[in-house]
Each structure stands twice: as C-alpha cells, then as structure tokens.
Amino acid sequence: MHVGIVGGGTGGPALALFLARAGHEVTLYERVANPGPVGAGILLQPTGLEVLRRLGLEQRVLSHGARVERLHGTTRSNWVVLDLAYADWRPGAFGLGIQRGAVFGALWDAVLAEPSVRVRTGAEVHATGDEPGAAWIDTGERERFDLVVVASGARSEHRAPGARVTPYPWGALWVVAEADLHPGVLYQRYRDTREMAGILPSGMGTVSLFWSHRADAVEAWRRAPIEDWKARVRALLPEAPLDGVYSHDDVLFAPYFDVVASRWHEGRRAWIGDCAHAMSPQLGQGANLALVDAAVLAGVIERGEPLARYSELRADHLRFYSWASRALTPFFQSSYPVLAPLRDLGSPLFHGWGWYRRQMLGALAGGKTGVFSGDVAF
Ligand SMILES: Cc1cc2nc3c(=O)[nH]c(=O)nc-3n(C[C@H](O)[C@H](O)[C@H](O)COP(=O)(O)OP(=O)(O)OC[C@H]3O[C@@H](n4cnc5c(N)ncnc54)[C@H](O)[C@@H]3O)c2cc1C
C-alpha cells in the first residue's frame, strides 16, 4: 500500500517505521521545516517501551532516559498522598523519564534510515479527505493514497469524525535543568489543588520540573517578575532547580486539551495519537497511547482487516484513560480546593486496600482497558 501520514511527532514516525518494515510505501508530512528535539520530560510507561522495543529502539531510549521506579506525592506538610512502585505491579517493571526530544530523535533517525519512507518536511497539510478508491492529502497540491493516517498532535486542525475538543483550564510550566534530584522517583508536592510542583528525572543528567498553572493566568505570569514565581515554587518545593532560570523565556508553558471521539477512522482515513484523543498528562500516558495506536493500526493493516477494526480494538483502552484522566485531574489541578481533603484522606486509605492499589498500579503502567480489566493486547 501507499500510505500518507500527517505529522512527524511521536505516533506518525512510529507508524511509518512499522509500515515501511512490513513492505509498504510511506509518505510522511511534517509542517516543521527542520524538526528537532523540543519539549520537556515525558514518562514512557511499560506499554510505550514495549512498542519502542518492537521497533528496535529500546536500547537507545534506555540510554537517553532515567529509570523511574516509583511515583511519590506529598502535601506541603509531608502527608503522603501517593506512593506507587512499578515493582508492586510486576517485578522488574519501571517507567522511563526521558526528554520528549530524545524519543523524537530516536524515531526520526530511524525513519530517515528507511528507504521506503519519503519524508516531506516544511509541508503543512491543509486538508485530508476521501474519494472513491483513494484518500488524499492536500498541501497546496493533492496527493492520493490507499490510506491516510492523521497524527498531527493535540493542537491539530484535523480531527476524527465527531471529535469534541475542550481546552482544560489548567496546564503546566516546565523547566529542564541539569540536576540529580529524587533519582528513580517521579516526585510531586501539592498545596490543595491549586499548586502542584513535580520533578521527573529525564535522563542525560537532567530533571524536568513542572508547575501547575492556569492557562488564563499565563499572561499575568509573564508580566510579573520571574523571581516572584521562583519564590512561589521554592516555597512548595525548596529543592526546585531554578538557578538557571533568568527570564520567562527559560520556561515552557504546555496547555492541556481533552479530545473525545467515538471512533478513529472514516473511509480510508484513520487518526492516531493526541489529535485523536488528547488528555491531561495526569496519568502520564500521551506518548504511550500514540505508540500503542501505531502498533495496533499497523497490525490491522498487516492482517488486511477493515479500518473499523482499529477503532474497535482501541476503544476500551482509550476510553478508560480518557475517563480516568478527566476524573483524576481536578483532584490535583483545579480551582476546587475542596477536593484536596478528599484526595489527601481518601488516597492513602484506598492505597492500603490491595485491590485498589493493584488497579492504580495497572493504570499507571498504561495497560488498563476498564476499571475492572487490564492488560491491553497489542
Ligand atoms: C505538559 C505535558 C506533559 C506531558 N507528559 C507526558 C508524559 O508524562 N508521558 C507521556 O507519555 N506523554 C506526555 N505528554 C504528551 C506527549 O508529549 C504527546 O502525547 C505525544 O507526543 C503525542 O504524540 P502525537 O504523535 O500524537 O503528537 P505530537 O508529538 O504532538 O506530533 C504532532 C506532529 O504533527 C505536526 N503537525 C501538526 N499539524 C500538522 C499539519 N497540518 N501538517 C503537517 N504536520 C503537522 C506537528 O508539527 C508535530 O510534529 C505530555 C504533554 C504535555 C503537553
């Protein structure tokens, strides 16, 4: 088949690799002229790591990332709210904190080495569509394909049929710094639901600091002295690695979106990754879901199944994480501090309950397909 893919972030290149190696011709469109490593730390879960292993990229990402063994969250008064260890889910399991750009670099280098992937950078896709016998991509000129896959990220203009897009009122400010803080731990501290700071080890001697922030207050934050913000962060997280932050330009704001659709295919087109189902990163799943989408869609194509099968196979996994992210996020990032005591008292209580703890661990590891079910097959 000749497949056109829109978007060279995470899901697009992963799918291009699967398809090229299965003998298909791929054209990958990326709007950025010289794509390079951008973004702060992300957490690769066992699901995402498994996809990268199948693509032969596991060793490379392991060498660029930092193993995360536990998630540990406390209030300002050191009350433990979350304490989840991957090894309690499965012995030997771990997450990998890594800079988003390092995952991109591994995928992109592999794509450039594939002779059957034609990469078109600086190519803005204006529209995609279906006609009898073909799907098309329009970049000013129209190219026809046997299949078009859209992987154009959370802010995409190209959406799955009937997708509802809701910007979340909160996002996060990010700083990547050279430091060795809380090795092996994704560490978070909370002041009710309106302040959250966290540190994610992100490999190559770096950590990524994140600070919860309302999207509509970012302009006011930019106008205020940066030292005021640094003092606020340090009041919650004294070890915050902020010495290298001299201006607002040293900090990246990432907004969150909720994208909900009932299916991720139409005619000869399919949607994967954040453009299909973006969610808040509270459960650290975005890149992992995009990678699993790519693996599942590649399998559907390989077996010669109809595209509807892709939506069918992805439904339970995607709906669970979309629902769980929406349900959990207000307890950690919202303007409802009344939720904090529920979180602070309820969470440790529930964590002592073996069944609940196993479900939380399964959710963190990335494979759950429902409240009572786990281990997504892909
Ligand atoms: C603050 C924050 C924290 C996060 N933390 C985590 C985490 O801990 N763990 C995790 O797994 N994920 C995390 N994520 C999410 C993760 O980065 C994304 O989910 C993942 O990269 C999605 O991959 P994607 O391929 O769908 O989209 P993207 O990686 O966004 O790639 C989309 C690509 O499409 C291109 N494009 C867009 N429109 C067009 C067009 N019209 N024509 C051509 N090209 C186009 C873009 O330039 C881009 O390169 C986080 C995200 C944010 C914002």
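Colleague: What classes of residue make up the shell around the ligand, and how many residues has each?

Modeller: The shell holds 14 nonpolar, 14 polar and five charged residues, where Ala, Val, Leu, Ile, Met, Phe, Trp, Tyr, Cys and Pro count as nonpolar, Asp, Glu, Lys and Arg as charged, and the others, Gly among them, as polar. This is a predicted model, in which local features need pLDDT of at least 70 and side-chain atom pairs count only at pLDDT 80 or more, while totals for chains, interfaces and linings use all residues. Residues are numbered from 1 along each chain as its sequence is written.

Colleague: Which residues come nearest to the ligand?

Modeller: Gly7, Gly9, Gly153, Gly273 and Gly286 come nearest, out of 33 residues around the ligand; a residue is near a molecule if its C-beta atom, placed from the backbone, lies within 6 Å of it.

Colleague: Which element gives the most to the shell around the ligand?

Modeller: That is α9, with four residues. At least two residues each come from α1 (11-21), β2 (25-30), β3 (41-44), α8 (274-277) and α9 (286-302), the helices being DSSP runs of H or I with at least four residues and the strands runs of E with at least two, numbered from the N terminus.

Colleague: What makes Gly65 count as buried?

Modeller: A residue is buried if 20 or more other C-beta atoms, placed from the backbone, lie within 10 Å of its own, exposed if 12 or fewer, and partly exposed in between. Gly65 has 24 C-beta neighbours inside 10 Å, and therefore counts as buried. Gly65 sits in the loop between α3 and β4 (66-68). Beyond its neighbours within four places in sequence, Gly65 is in contact with Leu44, Leu96, Gly97, Ile98, Ala102 and Gly203, contact meaning that the C-beta atoms of two residues lie within 7 Å.

Colleague: Why are His182 and Asp192 called partly exposed?

Modeller: His182 has 18 other C-beta atoms within 10 Å, and Asp192 also has 18, so each count falls in between the two cut-offs. His182 lies in the loop between β13 (164-178) and β14, and its phi is near 45°, a positive value in a residue other than glycine. Asp192, in the turn of the hairpin that β14 and β15 form with three residues between them, has a positive phi of about 35°.

Colleague: How do you know that β14 pairs with β5 in the parallel sense and with β15 in the antiparallel sense?

Modeller: Two strands pair if DSSP finds at least two bridges between them. Strand β5 (residues 70-75) and β14 are joined over six bridges in the parallel sense, with Leu71 opposite Leu186; β14 and β15 (residues 195-203) are joined over five bridges in the antiparallel sense, with Arg189 partnered by Ala197, and both counts therefore satisfy the rule. Strand β14 (residues 185-191) is also mostly covered, since five of its seven residues are buried.

Colleague: What makes β8 and β18 stand at the edges of their sheet?

Modeller: Six strands form an open sheet of mixed pairing in the order β8-β2-β1-β12-β19-β18. Strands β8 (117-121) and β18 (265-266) each have a single partner strand, so one side of each is left without a neighbour in the sheet. The partner of β8 is β2, in the parallel sense over five bridges, and Val26 is bridged to Val117.

Colleague: Why is α5 described as close to its expected span?

Modeller: Helix α5 (residues 100-112) has 13 residues and reaches 18 Å from its first C-alpha to its last, against an expected 18 Å, the expected span being 1.5 Å times one less than the number of residues. Of those 13 residues, 10 are buried, and α5 is therefore mostly covered; the buried ones include Phe104, Leu107 and Trp108.

Colleague: What covers the buried residues of α2?

Modeller: The cover includes α1, β3, α3 (58-64), β7 (95-99) and α9. The residues concerned in α2 (residues 46-54) are Thr47, Gly48, Leu49, Val51 and Leu52, and α2 is followed by Gly56, with a positive phi near 75°.
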